[in-house]
Amino acid sequence: PERARLSGEDLGLAPDRIYSDFREMARAEASRPDGIDAVSIVTPNHMHAEPAVAFLQAGIHVICDKPLAAT
């Protein structure tokens, strides 16, 4: 959480939009009236599925440049 907060501050994000993990972000953004329309998943290949599913289940569109599975 601390690393995420510092990174978000460095990027100039609003404090109420700096999240400790993708699950928190998916829940919070889905419930905001000004929530995000889409998210881009840019984690290493083996870590794409869980965040993609979390955002899709929250009703947020997902852009994923890598496969969700290896087979």
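Let us walk through one helix of this structure and then visit two residues, Cys64 and His48. The model is predicted, so local features need pLDDT of at least 70 and side-chain atom pairs count only at pLDDT 80 or more, while totals for chains, interfaces and linings use all residues. Residues are numbered from 1 along each chain as its sequence is written, and side-chain values use heavy atoms, leaving out hydrogens and water.

Start at helix α3, residues 49-57; helices (H or I, at least four residues) and strands (E, at least two) are DSSP runs, numbered from the N terminus. Its buried residues (under 20% relative accessible area, 1.4 Å probe, protein chains only) are Pro51, Ala52, Ala54 and Phe55. Seen down the axis of α3, these fall within an arc of 165 degrees, taken from the directions from the axis to the C-beta atoms, so they line one face of the helix. They pack against α2 (22-31), β1 (38-41) and β2 (61-64). Just after α3, Gly59 takes a positive phi of about 85 degrees.

Now move on to strand β2, where you will find Cys64. Cys64 has a relative accessible area of 26%, which makes it partly exposed (between 20% and 50%). Not counting residues up to four places away in sequence, Cys64 touches Ile41 and His48, a contact being heavy atoms within 4.5 Å.

His48 sits in the loop between β1 and α3, and it is buried, at 0% relative accessibility. A polar atom of the His48 side chain lies 3.1 Å from the backbone oxygen of Thr43. For the backbone oxygen of Pro44, the distance to a polar atom of that side chain is 3.0 Å.

Note on methods:
Polar contact = N/O pair within 3.5 Å; in protein donor to acceptor, adjacent residues only side chain to side chain.
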